[in-house]
Amino acid sequence: MRLLLLIGGTLIGVLVAELFARIPAFPSEADLLFNSPDSSPMGLYVLDKQTRQLPAKNFQTQARALGTTVALRTNELQLRGPPSKTIQGEQWLAVGDSFTMSVQVSEEDSFQGQLGSQKKVYIWNGGVDGYSTWQAGLRYDQVRHKIPIQTVILTFFTGNDFQDNERFLFMRTQPLPGKNGDPIPRRKIPAWKLFLLQHSYLYAHARIFQHRRSLVSNQKEQARNWRDELSIFSKVGQQRLQNLTKNSRDALQDLKRRTLRGRSKLLVAIAPPAFVVDQKRAKATFELVGIDQKDALLDAPQQAIQQVLQQLNIPYCDLTSSLKKSEQEQPTYLKTDGHWTIHGHKTVAQTLHQCLSKP
């Protein structure tokens, strides 16, 4: 009896702590510290000899993250969405990384779903987590040979696409870590940890606290990696940004050649990270990785890619000002994730619609 009372009391205590953990706001740099990719669906991606990775064919699951559950499906063409034969009429393709894949929201709430409804077209979701512009071009070529694509929208995320475009040049020279079509090798997450990642605010606060302690104590490598990645948003990283921009220019030129060959229109959506839109996050994020806020040049990557797109004569739509304005009404980025909320996707869809409506 005493044991049952002890167990019951412990459970009640945990539930009460969990309820109280939902009251305090997460810190501004929580998206870095929580490391939400740990909770992405297992089995979603397989190896691909051309692009390195693709969504698995005809995959279905519930994508669960802290506070959200989203139905996730892919079709026979390894695109997020319904079977390809169910779609009639004009078809577009969205390519890019996790901001395009958008497992945090439903197909209808994604910018593709909302923009497609506005434009009376179907926009296929060809996004893949971690993709570079090089891979987006290869993905476009794979898709256009199977379905007609009138327009391509590339989401260029200034947070890490510069680095990803450099990294892919090395990746493509390396052998695949398995056979073509095999599941992506990935560390298996214990069931208890996965449950807590997806459901517990108490665990989220504890995880964020622990990761911060690790960064400022003896585990400095992750902080250095983040500092290198974020340095392009500061004075100290401008030479690095200049060097990285050359690779991104080549990747964008490659994508333009592919879309011209496929007779598809191309639009590049410039997507900023959360700390550029909500600058309270910038101070906390820069402090976390050891960059002086006084050295911040938050618009530098955005301006660099705009210049490249102008030189290449590629139409683009900068989402930054619209997201900043919309952020004053409701959050446009998730707190522990760093990707767009439903409100953020709505803003992106409206902005793209306006850009596409210009003569």
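A disulfide is counted here when two cysteine sulfur atoms lie within 2.5 Å. The close-ups below are taken from a predicted model.

**View 1. The disulfide between Cys317 and Cys355.** The two sulfur atoms are 2.1 Å apart, and the cut-off for a disulfide is 2.5 Å. By this rule the model has one disulfide. The torsion about the S-S bond is about 70 degrees, so the disulfide is right-handed. Cys317 sits in strand S9 (residues 316-318) and Cys355 in helix H15 (residues 342-357), so the bond ties together parts 38 residues apart in sequence. Cys317 and Cys355 are both buried.

**View 2. The largest nonpolar core and a separate second core.** The largest core holds 54 residues. Leu93, Ile149, Leu252, Phe275 and Ile305 touch the most other members. Apart from this core lies another, of 23 residues. Its members include Ile123, Ala271, Ala274 and the disulfide partner Cys355.

**View 3. The surroundings of Leu252.** Residues up to four places away in sequence are not counted. Leu252 then touches Thr133, Leu154, Val268, Ile305, Val308, Leu309, Leu312 and Ile314. Of these contacts, Ile305 is also among the residues that touch the most other members of the largest core.

**View 4. The second largest pocket.** Its volume is about 410 Å³. The lining comprises 19 residues. Nearest the centre lie Thr151, Lys265, Leu266, Leu267 and Pro315. Helix H10 (238-261), strand S8 (265-271) and helix H15 each supply at least two lining residues. By type, the lining divides into nine nonpolar, five polar and five charged residues.

Methods: Residues numbered from 1 in each chain as written. Predicted model: local features only at pLDDT ≥ 70, side-chain atom pairs only at ≥ 80, totals over all residues. Heavy atoms only, no water. Core = buried A, V, L, I, M, F, W, Y, C linked by side-chain atoms within 4.5 Å. Buried < 20%, exposed > 50% of the residue type's maximum accessible area, 1.4 Å probe, protein only. Contact = heavy atoms within 4.5 Å. Helix = DSSP H or I, 4+ residues; strand = E, 2+ residues; numbered from the N terminus. 1 Å grid on protein atoms, 1.4 Å probe; cavity = no way out; pocket = protein on both sides within 12 Å on 5 of 7 lines; lining within 4 Å. Points joined across faces, edges and corners; volume = space filled by probe spheres on them. Nonpolar A, V, L, I, M, F, W, Y, C, P; charged D, E, K, R; others polar.
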